[in-house]
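Let's take a walk through a protein model, starting from one ring and working outwards. Keep the picture open while you read.

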Amino acid sequence: LPRGRIKPEGAAVSRYYGNRLMQFPLALIGIAIATVALVAVAEHHARGQLDAVRREVGGALRMAMFLGIPASVGLVLIRTDLVRLIFERGAFGPESTLGSAGVLFYYGFGVWAFVLTTIMVRCFQAVKEVRTPVKVAVAMVALNLGLNLALIGPMQERGLALATTLTGVTQLALLLALLQRRLGGFIDRGFILCLVRTGAAAAVMGASVWTTLGLAPRYLDTSHTPGGLTALVLALLVGVGSFVAVAWLVKTEELKPLLTFGRKPSPRP
């Protein structure tokens with residue numbers, strides 16, 4: 001991570017671009033799953049089908065973990081290469097790259113929590129509990145402000161990113177506890193198994209990506225865009241491949257819908 005102090009205008013730029021990159025997996029995973037889950041949960045809740053509500057909520061959260069955890073790991077590991085390839089040109093020089101990558105490092109650890117929180121809020125709305133997430137959000141504003149004031153001095157703009165991540169994890173924990181008390185049953189054995197299996201697959205993926213990026217400069221000129229892009233794409237392919245392989249080996253149930261996505265169901269005899 002970059003050391004030393006960055007000018008205020010540089011700090012603002014670093015935080016802005018780091019936040020933009022963090023928003024991409026959040027929108028791609030969190031909002032997509034939350035939109036689908038909202039409809040299904042609302043329909044079952046309107047019919048009084050509580051077991052189906054639990055099943056839909058649990059399924060949405062497990063799929064979010066399965067996609068969100070590796071997204072967090074990947075974003076943390078490729079942060080510098082990603083920022084350099086997308087933004088480093090003109091006035092956006094190496095110092096700006098290091099600043100944005102430093103911010104993205106701390107945002108990246110919270111991507112999985114932000115994804116799950118998006119789904120949790122939609123689930124509360126679907127079961128007609130609108131006030132609960134609002135009350136939690138108000139409390140989190142106070143927590144985030146306190147963390148910002150405590151961390152901005154020693155860590156500058158990276159402290160703001162860390163404060164956001166810590167607040168996001170806290171918010172998720174509160175929402176999970178409150179919805180579990182409201183519905184009960186969706187944090188079950190399947191939920192824990194998904195967390196453990198996904199964590200194992202993400203750990204192997206992280207090691208694969210880290211090794212690939214470390215070896216790439218020996219064979220590619222990563223200081224220029226073509227070589228850097230090749231190294232990044234290769235690392236992503238190796239990472240995704242290793243994650244899927246481990247998830248398949250440990251029989252992670254959330255992998256099957258992704259592998260069969262788009263296929264027509266076979267006709268029944």
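Phe87 has a relative accessibility of 18%, and because anything under 20% counts as buried, Phe87 falls on the buried side. Keep in mind that this is a predicted model.

So who keeps this ring company? The structure holds seven aromatic pairs. One of them joins Tyr17 and Phe87, with ring centres 4.5 Å from each other and planes at 50°, a tilted arrangement. These two partners come from distant parts of the chain: Tyr17 belongs to helix α1 (residues 8-46), Phe87 belongs to helix α3 (residues 79-87), and 70 residues separate them.

Is Tyr17 buried or partly exposed? With a relative accessible area of 26%, Tyr17 is partly exposed, since buried would mean under 20%.

Tyr17 also pairs with Phe92, this time edge-to-face, at 5.4 Å between centres and 90° between planes. Again the pair bridges distant parts of the chain, with Tyr17 in helix α1 and Phe92 in the loop between α3 and α4, 75 residues apart. Phe92 counts as buried, at 10% relative accessibility.

Here are the two pairs side by side:

| Pair | Centre to centre | Angle between planes | Arrangement |
|---|---|---|---|
| Tyr17 and Phe87 | 4.5 Å | 50° | tilted |
| Tyr17 and Phe92 | 5.4 Å | 90° | edge-to-face |

Add Tyr16 and you get a cluster: ring pairs link Tyr16, Tyr17, Phe87 and Phe92.

Now zoom out to the whole chain. What kinds of elements is the protein chain built from? The protein chain has 10 helices and zero strands. Its radius of gyration is 20 Å, close to the 18 Å that the globule rule gives for 269 residues, so the chain is as compact as a globular protein of that length. If you drew a box around the C-alpha atoms along the principal axes, it would be roughly 60 × 50 × 25 Å.

The links between distant parts of the chain don't stop at those rings. Take contacts between residues at least 6 apart in sequence: 80% of them join residues at least 24 apart. Of the 269 residues, 45% are buried.

And the outside? The protein chain exposes about 14500 Å², with carbon and sulfur atoms supplying 65% of that area. As for charge, there are 27 positive and 13 negative side chains, and the centres of these two sets lie 5 Å apart.

Key. Residues numbered from 1 in each chain as written. Heavy atoms only, no water. Helix = DSSP H or I, 4+ residues; strand = E, 2+ residues; numbered from the N terminus. Rg over C-alpha atoms; globule rule 2.2 N^0.38 Å. Buried < 20%, exposed > 50% of the residue type's maximum accessible area, 1.4 Å probe, protein only. Contact = heavy atoms within 4.5 Å. Areas by Shrake-Rupley, 256 points an atom, 1.4 Å probe, with all protein chains shown as cover. Lys, Arg positive; Asp, Glu negative; His and termini not counted. Charge placed at Lys NZ, Arg CZ, Asp CG, Glu CD. Phe/Tyr/Trp six-rings, centres within 6.5 Å; stacked < 30°, edge-to-face > 60°.
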